[in-house]
Amino acid sequence: MTRTLRPRKSQPSYAILAGIELDEDGAGPSKRATVYADDDGESGSDFSPGTDRDAEGEEEDDEEEDEDEDMGSEEDAPKVAPSVSVAPSQRSTSVLETKAQKIRSLPKPSLSRTSKRQQYVLPTPSVHHRHRAVPLYTRTGRVERLETRPVLFNTPKITMSNNFTQNVKVADRVNKSWGYNVGPGPIWELVEDRGWYKEAAEKVPDMDSDANRRPKVYQNILGKAGWKVLSKSDAAAFLPTDVVTTEEGNLKPPPPVPCLLGPFDEQTEAKIEMFQSHKLSEFFPESTAHLFNAGAPVWGLDWCPTHADDRPALQFKQYLAVAPFPSASHSPEIGIKVARPSYACIQIWSLGPSHHQTTGGNKYQELDRGEMKCEIVLCLESGPAHELKWCPLPSHDDFSTRRRPRKLGLLSGVFEDGSWSIYVVPYPKDVAPTDDASQPAYIHLPEPLLRIELEETSCWTCDWANSEQIAIGTTNGIIAVYDLGPQLKEIDNDSALIMDILPTHYITVHQSAVRALAWIRAPPTTATGGPRTNGDPTVIASGGYDGMECMTDIREGHGSVMNRTRDVINAMAFSPFGGGPVTIDHENIVKAYSASPSMLGRGHTLLEPQGPVWSVNASDFHPQLAVGSADGCCTTTNSLRSTRRGGSVPFFIHKIYQLDYSRKKGMYRMLERFLPQETQDRPATKAKASKTKPIDDNNAAKEQERIKASSAGTGAWPREVGVHRVTWNSCNGLAASGLLASATASGLCRVDELWGRWIKGKVPYGGIEHIRWELDDDAMDIDGASDDSAGSS
């Protein structure tokens with residue numbers, strides 16, 4: 001009996017859906033139904049002959065930057081090749097053929113897509129969007145704002161105002177008004193606290209004040225037992241040293257740093273010893289900056305938070321933690337743990353009121369610029385710190401208590417022994433030497449309060465989410481999250497060193513060491529979609545040595561690629577005003593990305609320093625971004641500037657100072673008083689220009705001059721001039737939000753008080769009361785209808 005074949009039935013054809021028409025018997029493709037229109041006659045293949053791939057790569061890079069702009073024109077939209085008519089088949093038209101006809105109009109393969117470097121995991125919105133700062137959650141209640149310009153070491157005048165998320169009108173006016181800041185620092189009228197911590201007191205009187213939004217924590221923790229005061233000779237082993245030794249083989253203290261200070265061509269040489277500071281008002285009458293020497297390259301820098309109720313008792317003194325390396329030649333290796341004890345130090349500097357205040361004279365002499373002083377040197381055995389972070393909420397003792405020594409705060413850091421540790425820092429006044437008040441107190445802390453060590457890797461970077469949750473980036477690409485609240489709340493004076501703590505999350509995100517990370521400090525949502533303000537944040541932005549920039553939701557257990565570049569990601573910061581992380585991209589570009597669902601993963605360029613970026617920092621109180629780079633420049637820019645093309649407000653980049661070094665003379669030079677620089681558009685590539693108009697000799701010469709004038713210079717710089725760390729004071733109220741600290745590889749550190757100004761000196765919308773909608777006037781809405789009219793009316 002012969003075998004019979006089953007009858008052929010009509011089945012859906014994927015060939016038809018792909019635009020390939022079958023023959024009458026349905027046996028296979030007979031001819032292509034779709035012909036792509038290719039005006040250039042190229043196949044789009046990387047291996048096709050006669051194609052200038054370098055020119056196309058430059059063109060793609062130029063087009064990619066155009067996508068970083070706010071609005072794309074209709075002329076820039078991808079053109080779809082017209083569908084080519086196909087001879088109809090003898091069969092009757094089916095539903096599948098109808099669908100196939102709809103998909104035959106496809107873009108030609110050579111067209112660039114929205115994402116050209118790689119396919120991102122995060123969704124990419126349309127290129128026709130506007131880059132506007134979108135708040136990650138809507139906060140209820142009111143906020144504090146300043147009534148008058150703040151003065152250092154004086155009680156600020158504060159009043160309550162409408163929150164920027166009070167309604168759409170207030171949010172739009174506040175964000176637009178920030179765009180009219182053309183100064184190096186924040187505008188004092190607009191500064192407000194946009195930080196969020198789950199510890200904030202709710203449903204209490206005056207819950208919107210700084211004292212309740214940033215309450216004291218860990219009042220149960222006392223000073224760690226075992227500390228002792230060292231003499232200067234005993235502490236010498238912990239202090240920075242010179243790169244050479246004496247004839248007997250003993251370590252020498254670091255030599256003074258010679259530096260030229262003052263106006264250009266009128267500079268004076270100053271030799272700054274370790275622990276010595278200088279007021280730059282000696283060289284610039286209007287300057288409020290301070291310069292001091294930590295003795296060696298500094299990689300750890302952070303401001304100590306103080307509670308609002310205790311600031312008057314401290315005379316509004318600010319404390320700064322500084323972590324230098326053991327010497328200028330010290331070079332740690334990634335993932336290599338040093339054996340304990342490894343001697344190093346952390347210096348606690350203070351910025352307080354001057355003891356000898358000059359009165360009379362001009363208006364600059366009447367201001368108290370304060371003075372910098374090294375109060376404490378913490379002598380540690382965990383090795384030098386690679387990064388320092390205070391507990392973000394005030395953890396000091398009540399300064400009216402009689403217990404001695406009182407606690408200044410909890411200071412954490414990543415140390416060269418591969419650990420992440422927390423130290424209890426004593427209040428400087430309680431341990432200050434009685435014989436010589438000009439010298440710091442040397443305090444030996446043999447053990448930390450808490451130490452986290454991982455056997456298979458080393459801790460490399462860290463960031464606090466709040467006073468309880470910490471994220472640690474390791475040298476093998478893993479991000480570990482710890483909940484420290486239960487352990488720290490049970491500590492008493494007799495508690496032993498805490499080491500047996502396990503992570504709540506242990507997620508592999510990068511293929512190599514995690515260089516920088518930052519929490520996206522926004523509350524999780526409830527089942528109804530509202531913010532759960534008593535919960536912990538769940539999203540971490542990180543960057544590593546693999547060039548990947550990722551966002552990781554710890555509830556999902558894996559990272560999502562936000563961007564990829566062929567460089568090490570040295571810096572990552574979260575901006576509450578920008579609504580997302582700020583990090584670096586290729587060619588030293590600093591970009592701000594959005595974490596809002598409507599703009600997730602989309603970024604736009606803020607500035608492009610002339611050297612590799614070491615540090616980026618954003619504030620909780622204003623949108624000014626600080627950047628430290630390897631070319632010795634400390635720069636700031638406004639991250640909320642208007643993104644409209646051709647606006648009336650320029651995109652200013654403010655260079656606060658630049659540090660130079662002469663290898664021949666062995667001398668440094670610090671330059672300042674730079675004019676603001678406007679962000680230059682990148683020059684168009686020759687390949688793209690050739691398509692628009694033919695380039696003759698005259699046009700080519702003009703094009704080369706334009707490229708030379710607008711292109712940023714590149715080169716090599718001495719490692720001694722690199723600005724390793726920059727940090728805004730984001731934990732001591734509105735009046736101190738303009739303080740910017742920076743640290744360099746030379747050991748020189750600097751503190752600047754920066755404030756902004758309105759363009760043309762005019763407040764938009766008729767005043768801060770109208771910006772905040774404190775006065776219900778619909779008439780002022782006319783002045784703020786457009787970006788241009790708001791600032792120039």
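**Strands, cores and a covered helix in a predicted model**

β27 and β28 form a hairpin, with 4 residues between the two strands. In its turn, G579 has a positive phi of about 75°. The model described here is predicted. β27 is joined to β28, residues 580-584, by 4 bridges, and the two strands run antiparallel. Two of the partners can be named. A573 has V582 as its bridge partner in β28. S575 has G580 as its bridge partner in β28. The side chains of β27 point in two directions: M572 and F574 go one way, A573 and S575 the other. All of these residues are buried.

The hairpin belongs to an open sheet of 4 strands. The strand order is β27-β28-β29-β30, and the pairing is antiparallel. β27 (572-575) and β30 (603-607) stand at the edges. Each has a single partner strand, so one side of each is left without a neighbour in the sheet. Direction ignored, neighbouring strands of this sheet are turned by 30° against each other on average.

A further open sheet of 4 strands has the order β14-β15-β16-β18. Its pairing is antiparallel as well. Here the edge strands are β14 (385-390) and β18 (450-452), and each pairs on one side only. The twist in this sheet averages 25° from one strand to the next. Within it, β15 (residues 407-415) and β16 (residues 420-426) pair over 7 bridges in the antiparallel sense. V414 stands opposite W420 of β16.

The chain as a whole contains 11 helices and 39 strands. It has 793 residues, and 52% of them count as buried. Among contacts with a separation of 6 or more, 66% are between residues 24 or more positions apart. The accessible surface of the chain comes to about 37100 Å². Carbon and sulfur atoms account for 50% of that surface.

In soluble globular proteins, nonpolar side chains tend to be buried together. The largest nonpolar core of this model has 30 residues. Those that touch the most other members are F275, F292, L320, V322, V377, Y442 and V751. Several strands give two or more residues to this core: β10 (298-303), β11 (318-324), β12 (344-352), β13 (371-380), β38 (739-744) and β39 (748-753). β13 gives the most, with 4 residues.

V751 shows how this core brings together residues from separate parts of the sequence. Leaving aside neighbours within four places in sequence, V751 is in contact with T288, A289, H290, F292 and W303, among others. Its other contacts of this kind include L320, L351 and M372, as well as L739, L740 and A741. Another core, of 27 residues, lies apart from the largest one. Its members include I470, I472, L488 and I498.

Among the helices, α4 (residues 168-178) is mostly covered. Of its 11 residues, 8 are buried. The buried set comprises V170, A171, R173, V174, N175, K176, S177 and W178. At the start of α4, N167 reaches towards the backbone: one of its side-chain oxygens comes to within 3.1 Å of the backbone nitrogen of K169.

Note on methods
Residues are numbered from 1 along each chain as its sequence is written. This is a predicted model: local features need pLDDT of at least 70, side-chain atom pairs count only at pLDDT 80 or more; totals for chains, interfaces and linings use all residues. Side-chain values use heavy atoms; hydrogens and water are left out. A nonpolar core is a set of buried Ala, Val, Leu, Ile, Met, Phe, Trp, Tyr and Cys residues joined through side-chain atoms within 4.5 Å. Buried means under 20% relative accessible area, exposed over 50%, partly exposed in between (1.4 Å probe, protein chains only). Contact means heavy atoms within 4.5 Å. Two strands pair if DSSP finds at least two bridges between them. Axes are lines fitted to C-alpha atoms, for helices over the stretch in contact, and angles run from 0 to 180 degrees between N-to-C directions. A polar contact is a pair of N or O atoms within 3.5 Å; within protein, one must be able to donate a hydrogen and the other to accept it, and residues adjacent in sequence count only if both atoms are side-chain atoms. Accessible areas come from the Shrake-Rupley method with a 1.4 Å probe; for residues, only the protein chains shown count as cover.
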